[in-house]
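User: I am new to this structure and would like a close look at one part of it, the sheet. Please describe how its strands are arranged and then place it in the rest of the chain.

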Amino acid sequence: MSGPDAKAAGALRTIGEVAAATGLPQHVLRYWETRFPQLRPLTRAGNRRYYRPEDVALVERIDGLLNRDGYTVKGVQKLLASEGKRAAPAPAVVAHDGASLRAVRTMLQRALDEDGA
């Protein structure tokens, strides 16, 4: 968007703005919210929806999968659900002493040297 009404990239978008940007009707966006639990825009008073940038990206991805790649709604549901299960939480940071880190570095260097030989 450009002009005096342009919003920053990280700004929240209304359902009308998302519909205009994607070319999808508002009722389709509301339907997708019922079918894809990953799509959860913020809701405010009067049930107004505000889409975060990651919500807009998800809408565009779902649109691409359904309308260009030939997926069914059930297929996209399975795909998104499987991706959610694979996304593991970040591992906890573990403190190590310098000796153990040097040992790992040496082991990795040896493996690289052997692989290159």
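Analyst: What follows starts with the chain as a whole, goes through the sheet strand by strand, and then turns to the core and the surface.

The model is predicted. The protein chain contains five helices and three strands, and along the sequence these come in the pattern β-α-α-β-β-α-α-α. In that pattern, one strand precedes two helices, a pair of strands comes next, and three helices close the series.

The three strands make an open sheet, with the order β1-β3-β2 and antiparallel pairing. At its edges are β1, residues 13-14, and β2, residues 42-44, each of which pairs on one side only. The strand between them in the sheet order is β3, which spans residues 48-51.

Take β2 and β3 to begin with. These two strands are joined by three bridges in the antiparallel sense. Within this part of the sheet, R44 has R48 of β3 as its bridge partner, and T43 is placed opposite R49, also of β3. β2 and β3 form a hairpin with three residues between the strands. One residue to look at in this hairpin is G46, where phi is positive, near 75°.

On the other side of the sheet, β1 and β3 run antiparallel and are joined by two bridges. Here R13 has Y51 of β3 as its bridge partner.

The two faces of β3 can be told apart by their cover. R49 and Y51 belong to the covered face, whereas R48 and Y50 belong to the uncovered one. The residue opposite T43, R49, is thus named on the covered face, while the bridge partner of R44, R48, is named on the uncovered face.

Y51 also leads from the sheet to the core. The largest nonpolar core has 18 residues, and Y51 is listed among those with the most contacts inside it, together with L29, W32, V59 and I62. Four helices each supply at least two residues of this core: α1 (15-22), α2 (26-35), α3 (53-67) and α4 (73-86). The largest share, six residues, comes from α3. In soluble globular proteins, nonpolar side chains tend to be buried together.

I62 gives an example of the contacts in this region. Leaving aside neighbours within four places in sequence, I62 touches W32, F36, V76 and L80. F36 can also be set against a residue of helix α4, namely K74. K74 and F36 are 38 residues apart along the chain, and their C-alpha atoms are separated by 9.6 Å. K74 counts as exposed because its relative accessible area is 55%, above the 50% cut-off.

Away from the sheet, V104, M107 and L108 form a nonpolar patch on the surface, with about 290 Å² of accessible area together. V104 lies in helix α5, residues 98-116. V104 has a relative accessible area of 41%, so V104 is partly exposed.

Some totals complete the picture. Of the 117 residues in the protein chain, 22% are buried. The accessible surface comes to about 8,500 Å², and carbon and sulfur atoms account for 56% of it. Among contacts with a separation of 6 or more, 43% are between residues 24 or more positions apart.

Methods
Residues numbered from 1 in each chain as written. Predicted model: local features only at pLDDT ≥ 70, side-chain atom pairs only at ≥ 80, totals over all residues. Heavy atoms only, no water. Core = buried A, V, L, I, M, F, W, Y, C linked by side-chain atoms within 4.5 Å. Buried < 20%, exposed > 50% of the residue type's maximum accessible area, 1.4 Å probe, protein only. Contact = heavy atoms within 4.5 Å. Patch = residues over 30% accessible without salt bridge, like charges linked within 9 Å, V, L, I, M, F, W, Y side chains within 5 Å. Areas by Shrake-Rupley, 256 points an atom, 1.4 Å probe, with all protein chains shown as cover. Salt bridge = Lys/Arg side-chain N within 4 Å of Asp/Glu carboxyl O. Pairing = 2+ DSSP bridges.
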